[in-house]
Every structure is written in structure tokens, then in C-alpha cells.
Amino acid sequence: MGERPTEQTTRRSGGCLCGGLRYEIRGPVRDVIDCHCPRCRKWSGHHVAASSARIDDIELVGGATLTWFHPVDDPDVAYGFCATCGSSAFWTHAGLETWSVCAGLLDDDSGLITSAQWWTSTAGSYVHLDPDVPAFSTQPGPSDAAAPPPA
Ligand SMILES: [Zn+2]
Ligand SMILES: [Zn+2]
């Protein structure tokens, strides 16, 4: 990927299928990481493909339907979705200063690429993993040289 920066500063907006959830991002967004972990599979119905942005840079301009789900076995994790239409929107973990932003909800995803595939060990057998994208059987650890920033 050469000299390509991994973060891009643009003004982006996004929203859910029904329009009840709308947001704007003013600041850098990360490239997309695919996560095939069991939770992300269940939550998304496939796998999560998420960019990421700082919470401070995300403004909910229509957030009345945003609902957070906390897995009972790990309540510090939060999955944000639209309670009306079910669109998968955000992921975060207590203490993080970022929200993962499901890339499919962005109005304009130009310039973003898929930079990593996480949890390939639990990916669906029907999934076509991209041999050109770095893959991790679970997720990269902090000592992994190829580790992207946290999702
Ligand atoms: Zn909605
Ligand atoms: Zn996951």
C-alpha cells in the first residue's frame, strides 16, 4: 500500500435505512476492517465492515432511534443500531475514544479501502476472503507489526 495514508480527513455523513439515525463525521476516518468474529456475525447477519472515527468528531444529527446492545458476557462492548429499521451502525468498547462506523451506512465511502480481515478463523464458510488483504485468525495483538489501530 506504499505511502498511502491510513486515515483520511474529510467531512462525511451517514445514516440508516429508515433515516431515523443520521450523523456527520468531521475528522479523520480509518480504512475499513472486516470482522468475522461470532458476535459481529450475529449482529450484522454477515460480517462487520467498519471504518472508525473519534467520538468527538461524530455528531448525531438524528439519533432518536440509536439503540445500544451490550453482550451479557462482555457488557463493556457496545453495538449501536437503529431500533426502527435494524441497520447496524456503530461498535465501541468502554474506554475507547473511537466508534467503529459500519461502512455501508456512509453516504460517500470514496477513498476507503479494506485494510484487514479479522477473525478469519470464525468466518462463514461461504465468505470469500481476499488474499491481498492482511488476515488474522482472531485479531492482531499490540505487538503485531501489522496491527492496525483498534477497531
Ligand atoms: Zn433506521
Ligand atoms: Zn467482531
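How many disulfides does the count come to? Here are some friendly notes to read beside the structure, with that question taken up in the first point.

1. The count of disulfides comes to zero. Please keep in mind that this is a predicted model. A disulfide would need two cysteine sulfur atoms within 2.5 Å of each other, and that rule gives zero here. Cysteines still deserve your attention, as the next points show.

2. Look for the zinc ion (ligand 1). Its coordination comes from the SG atoms of Cys16, Cys18, Cys82 and Cys85, at 2.3 to 2.4 Å. Along the chain, these donors follow the spacing C-x1-C-x63-C-x2-C. Cys18 sits in the loop between β1 (7-15) and β2 (21-30), while Cys85 sits in the loop between β7 (77-82) and β8 (88-93), so this pair ties together parts that are 67 residues apart in sequence.

3. Why is the arrangement around the zinc ion (ligand 1) called tetrahedral? The four donor atoms subtend angles of 105 to 116 degrees, and four donors count as tetrahedral if all angles lie between 85 and 135 degrees. As a reference to keep in mind, the ideal angle for four tetrahedral donors is 109.5 degrees.

4. Are these cysteines buried or exposed? Cys18 is partly exposed, at 41% relative accessibility, and Cys85 is also partly exposed, at 26%. Cys37, in turn, has a relative accessibility of 12% and counts as buried. The reasoning is simple: buried means under 20%, and partly exposed runs from there up to 50%.

5. Now turn to the aromatic rings, where the count comes to five pairs. One of them joins Trp68 and Trp99: the ring centres lie 5.0 Å apart with 65 degrees between the planes, an edge-to-face pair. Trp68 belongs to strand β6 (residues 66-69) and Trp99 to strand β9 (residues 98-102), so the pair ties together parts 31 residues apart in sequence.

6. The two partners differ in their surroundings. Trp68 is partly exposed, with a relative accessible area of 29%, whereas Trp99 is buried, at 13%. Trp99 also pairs with Phe90: their ring centres are 4.7 Å apart and the planes meet at 45 degrees, so this pair is tilted. Like Trp99, Phe90 is buried.

7. Which residues form one aromatic cluster? They are Tyr23, Trp68, Phe90 and Trp99. Try finding Trp99 in the 3D view, then trace its edge-to-face pair with Trp68 and its tilted pair with Phe90.

Methods:
Residues numbered from 1 in each chain as written. Chains lettered and ligands numbered in written order. Predicted model: local features only at pLDDT ≥ 70, side-chain atom pairs only at ≥ 80, totals over all residues. Heavy atoms only, no water. Phe/Tyr/Trp six-rings, centres within 6.5 Å; stacked < 30°, edge-to-face > 60°. Helix = DSSP H or I, 4+ residues; strand = E, 2+ residues; numbered from the N terminus. Buried < 20%, exposed > 50% of the residue type's maximum accessible area, 1.4 Å probe, protein only. Donors = N, O, S within 2.8 Å, 3.2 Å for Na, K, Ca; no water. Tetrahedral: all angles 85-135°; square planar, octahedral: opposite > 155°, others 65-115°.
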